[in-house]
Amino acid sequence: MASRRGGVSLPERPHNNTPSDGILSRVSSKISESPILYQGKRAASDAGFVAKKLLRSTGKAAWIAGTTFLILVVPLIIEMDREQQFNELELQQASLLGAPPK
């Protein structure tokens, strides 16, 4: 029995499979010690790491694209809208004064 400070410690379980172990415990221990399970866990961990890095870099790329759009494209859209309003105003004034439209 391992001694620990504070609390109650339980006796350690034997790690060897004795014939008195149940079928469920033998099967579960065989599965949990399987190299295929180990490789699967490792692959899942690696996939999670890659997904996290991808999301982080995608977030950065989205921020860069959004900021670039705000800096470069939005002023262009505003200027084009102003120009269209100015052209409509000129056309309206020309029609009120009786001058032929361009």
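This report walks through the fold, the surface and the charge pairing of a predicted model.

## The overall picture

Let's start with the chain as a whole. The protein chain is built with two helices and zero strands. Of its 102 residues, 2% count as buried.

The surface of the protein chain comes to about 9,800 Å². Carbon and sulfur atoms supply 64% of that exposed area.

## A nonpolar patch

Which residues form a nonpolar patch on the surface? They are Phe69, Leu70, Ile71, Leu72, Val73 and Ile77, and together they have about 590 Å² of accessible area.

Phe69 is a good residue to look at here. Phe69 belongs to helix α2. Is Phe69 buried, partly exposed or exposed? Its relative accessible area is 42%, and because partly exposed covers values from 20% to 50%, Phe69 is partly exposed.

## A positive patch

Charge also gathers on the surface: Lys52, Lys53, Arg56 and Lys60 form a positive patch.

Within this group, Arg56 can be found in helix α2. Arg56 has a relative accessible area of 52%, and since exposed means over 50%, Arg56 counts as exposed.

## The salt bridge

Side chains of opposite charge can pair when their charged atoms come close. How many salt bridges does a search of the whole structure find? The search turns up one.

The partners are Arg82 and Glu79, whose side chains meet at 3.9 Å, N to O. That distance fits the definition, because a salt bridge needs the nitrogen and the oxygen to be within 4 Å.

Where do the two partners sit? Both Arg82 and Glu79 lie in helix α2, which spans residues 35–97. They are three residues apart, about one turn of the helix.

The accessibility of each partner can be given too. Arg82 has 53% relative accessibility and counts as exposed, because that value is over 50%. Glu79, with a relative accessible area of 42%, is partly exposed.

Note on methods: Residues are numbered from 1 along each chain as its sequence is written. This is a predicted model: local features need pLDDT of at least 70, side-chain atom pairs count only at pLDDT 80 or more; totals for chains, interfaces and linings use all residues. Side-chain values use heavy atoms; hydrogens and water are left out. Helices (H or I, at least four residues) and strands (E, at least two) are DSSP runs, numbered from the N terminus. Buried means under 20% relative accessible area, exposed over 50%, partly exposed in between (1.4 Å probe, protein chains only). Patches are made of residues with over 30% relative accessible area and no salt bridge: like charges are joined within 9 Å, nonpolar side chains (Val, Leu, Ile, Met, Phe, Trp, Tyr) within 5 Å. Accessible areas come from the Shrake-Rupley method with a 1.4 Å probe; for residues, only the protein chains shown count as cover. Lys and Arg count as positive and Asp and Glu as negative; His and the chain ends are not counted. The place of a charge is taken as NZ of Lys, CZ of Arg, CG of Asp or CD of Glu.
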